[in-house]
Amino acid sequence: MSPTEGSGPDAVAASPAEQRGAPDPWHALRSLTPARIALGRAGASLPTRAHLDFQLAHARARDAVHDALDVAAFRSALSAVGLESVAVRSAAPDRATYLQRPDLGRRLDSAAGERLPPADPGDVDAALVVADGLSARAAQSHAAPLIAALAPRLRDAGWRLAPVVVVEQGRVAIGDEIGGRLGARLVLVLIGERPGLTAPDSLGAYLTWDPRPGRTDAERNCVSNIRPEGFVIALAAEKLVYLMLEAARRRLSGVALKDDGRMLGA
């Protein structure tokens, strides 16, 4: 049997390198990534601590899916930085239905038309949409700071922005209907992404030129993993402004709009 470090349920078997007296190089890599590497082992299983950490991360991911977006608090955060907003809902009446019927999360409910400002084609360059998606925690934490970083730069470029539309029980494609109703040339949807075991609060950004119902995912550009431990807000805002300006210049988005890696000011 291989020698172990310590004893008890959390004992970790020494690696072959450690048995030879050399440090295990995997341990140094753990400081560089949240990925589950160099966890050790206890017999044929994970150490107790690693197993409990996994269960905790899984529970946090499940909780993130069921968390509710605090719409009032979010709109207050937007108002604090001088941004108007309007709240709407998708056709999914509750969270359980939303998770079981993705199609309903892609459509507005019947009352949304009364809340949205009337369309004035040619008067709105971009509609900004925030949806809870599969992680309301991500939208709650990161969407308002991202919009606060985006909006001034777009306005400095002469863009006319519609009030921010906040959607409960929304999915990415709901932005197509919203952008079409507002007469916007482009829609940017900020949405909570599917939680992972190391990222229950990851925000995604999807931009679509000429939004209207029926657009496909191939006609969108995506910037993913926006969060402090991932793609930080300042860099994500810079990338999104670049993509939005390029989309407007070329009048397209999606696979036809290639990201050549340049940033504004680079």
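Reader: What follows α9?

Author: In this predicted model, α9 is followed by Arg251, and the phi of Arg251 is positive, near 60°.

Reader: What makes a positive phi worth pointing out?

Author: Most residues other than glycine have a negative phi. Asp210 is a further case, with a positive phi near 55°, and Asn225 has a positive phi near 60°. Gly183, just after α8, also takes a positive phi, of about 70°.

Reader: Where are Asp210 and Asn225?

Author: Asp210 lies in the loop between β7 (203–209) and β8 (220–226). Asn225 has its place in strand β8.

Reader: Why is Asp210 called partly exposed?

Author: Its relative accessible area is 35%. Buried needs a value under 20%, and exposed needs one over 50%. The value for Asp210 meets neither condition, so Asp210 is partly exposed. Asn225, at 29%, is partly exposed by that reasoning.

Reader: How do you know that the length of α9 agrees with its number of residues?

Author: The expected span is 1.5 Å times one less than the number of residues. For the 18 residues of α9 that gives 26 Å, and the end C-alpha atoms are 25 Å apart, so the two agree.

Reader: Which residues of α9 are buried, and what do they pack against?

Author: The buried residues include Ala236, Ala237, Leu240, Val241, Leu243 and Met244. Glu238, Lys239 and Glu246 are also among them. The buried residues of α9 pack against β4 (124–131), α7, β6 (184–192), β7 and β8.

Reader: Why is α7 called oblique to α9?

Author: Helix α7 (residues 136–156) and helix α9 (residues 233–250) pack at an angle of about 45°, with their axes 9 Å apart. Angles under 35 degrees count as roughly parallel, those over 145 as roughly antiparallel and those from 65 to 115 as roughly perpendicular. An angle of about 45° falls in none of these ranges, and therefore α7 is oblique to α9. The crossing in which α7 passes α9 is right-handed.

Reader: Which residues in α7 and α9 meet?

Author: On the α7 side they are His142, Pro145, Leu146, Ala149, Leu150, Arg153 and Leu154. On the α9 side they are Ile233, Ala236, Ala237, Glu238, Leu240, Val241 and Met244. By class, this contact of α7 with α9 has 11 nonpolar, 1 polar and 2 charged residues.

Reader: What makes α4 and α7 roughly parallel to each other?

Author: Helix α4 (residues 71–80) and α7 pack at an angle of about 20°, with their axes 10 Å apart. The cut-off for roughly parallel is under 35 degrees, and about 20° satisfies it, so α4 and α7 are roughly parallel. Their crossing is right-handed.

Reader: What is in the contact of α4 with α7 by class?

Author: Ala73, Phe74, Ala77 and Leu78 in α4 meet Ala139, Gln140, Ala143, Ala144 and Ile147 in α7. By class, that contact has 8 nonpolar, 1 polar and no charged residues.

Reader: Is Ala148 in α7 buried or partly exposed?

Author: Ala148 is partly exposed, since its relative accessible area is 29%, and a buried residue would need to be under 20%. The C-alpha atom of Ala148 is separated by 9.8 Å from that of Ala80, 68 residues apart along the chain.

Reader: What makes Leu116 buried?

Author: Leu116 has a relative accessible area of 7%, which is under the 20% cut-off, so Leu116 is buried. Leu116 is found in the loop between α6 (112–115) and β4. Leaving aside neighbours within four places in sequence, Leu116 is in contact with Val86, Val88, Leu108, Val165, Arg181 and Leu182. The C-alpha atoms of Leu116 and Val165 are separated by 8.1 Å, although these residues are 49 residues apart along the chain.

Reader: Why is α8 called mostly covered?

Author: Of the 9 residues of helix α8 (residues 174–182), 7 are buried. They are Ile174, Gly175, Asp176, Glu177, Ile178, Gly179 and Leu182. The buried residues of α8 pack against β4, β5 (164–168), β6, β7 and β8.

Reader: How many helices and strands are in the chain, and what share of the residues is buried?

Author: The chain has 9 helices and 8 strands. Buried residues make up 43% of its 266 residues. Among contacts with a separation of 6 or more, 67% are between residues 24 or more positions apart.

Technical notes. Residues numbered from 1 in each chain as written. Predicted model: local features only at pLDDT ≥ 70, side-chain atom pairs only at ≥ 80, totals over all residues. Heavy atoms only, no water. Axes fitted to C-alpha atoms, helices over the stretch in contact; angles between N-to-C directions. Helix = DSSP H or I, 4+ residues; strand = E, 2+ residues; numbered from the N terminus. Left-handed = near helix turned anticlockwise from the far one by under 90°. Contact = heavy atoms within 4.5 Å. Nonpolar A, V, L, I, M, F, W, Y, C, P; charged D, E, K, R; others polar. Buried < 20%, exposed > 50% of the residue type's maximum accessible area, 1.4 Å probe, protein only.
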